[in-house]
Amino acid sequence: MIKPEFEVSEKTIKIVLPVFETNADLTEDENVIYKFLSKTMLKPISEIAPYIPFGKSKTTQLLKAMGEKGVVAVEGKGSKITVRRA
């Protein structure tokens, strides 16, 4: 469980609450990939693959399924596929 962060100074207390992103319609494998994607930057599969425990073809297949669900934005075809969170 992620706990809030507290910053206490002489006259203020700042509380930073964690943000929980839930994607109930994602499978376990899709969630593994989703954690490595950026909301703002497109990333090629070659940048994502070293951090994912699946092969390139399974990763590509999962990303396409996630794109159909509207969870990620997928651009390009073949080896030129880039993705980011939607």
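This is a guided tour of a predicted model, taken one selection at a time.

**The whole chain.** Start with the protein chain in cartoon view. It holds three helices and five strands. Reading from the N terminus, the order of elements is β-β-α-β-α-α-β-β. Now switch on the surface. The accessible surface comes to about 6500 Å², and carbon and sulfur atoms account for 55% of that area. Of the 86 residues, 26% count as buried.

**The sheet.** Next, select residues 43-44, which are strand 3, and residues 72-75, which are strand 4. Add residues 82-85, which are strand 5. These three strands form an open sheet in the order 3-5-4, with antiparallel pairing. Strands 3 and 4 each have a single partner strand and stand at the edges, so one side of each has no neighbour in the sheet. In general, strands of a sheet pair through backbone hydrogen bonds, parallel or antiparallel.

**Strand 3 against strand 5.** Zoom in on this pair. How many bridges join strand 3 to strand 5? There are two, and the strands run antiparallel. Select Lys 43 and look across to its bridge partner in strand 5, Val 83. Then select Pro 44, whose bridge partner in strand 5 is Thr 82.

**Helix 3 on the sheet.** Select residues 56-69, which form helix 3. This helix packs on the sheet and touches strand 4 and strand 5. The direction of helix 3 makes about 120 degrees with that of strand 4.

**Strand 4 against strand 5.** Go back to the sheet and look at its other pair. Four bridges join strand 4 to strand 5, and these strands are antiparallel. Glu 75 is a residue to pick here: its bridge partner in strand 5 is Thr 82.

**The core.** Now show side chains for Ile 33, Tyr 34, Leu 37, Leu 63, Met 66 and Val 72. They have the most contacts inside the largest nonpolar core, which has 14 residues. Which elements give two or more residues to this core? They are helix 1 (28-34), helix 2 (45-48) and helix 3. Helix 3 supplies the largest share, three residues. As a general tendency, nonpolar side chains in soluble globular proteins are buried together.

**Leu 63.** Finish by selecting Leu 63 and the residues it touches. Leaving aside residues up to four places away in sequence, they are Ile 33, Leu 37, Ile 45, Val 72, Val 74 and Val 83. Val 83 has already appeared on this tour, as the bridge partner of Lys 43.

Key: Residues numbered from 1 in each chain as written. Predicted model: local features only at pLDDT ≥ 70, side-chain atom pairs only at ≥ 80, totals over all residues. Heavy atoms only, no water. Pairing = 2+ DSSP bridges. Contact = heavy atoms within 4.5 Å. Axes fitted to C-alpha atoms, helices over the stretch in contact; angles between N-to-C directions. Core = buried A, V, L, I, M, F, W, Y, C linked by side-chain atoms within 4.5 Å. Buried < 20%, exposed > 50% of the residue type's maximum accessible area, 1.4 Å probe, protein only. Areas by Shrake-Rupley, 256 points an atom, 1.4 Å probe, with all protein chains shown as cover.
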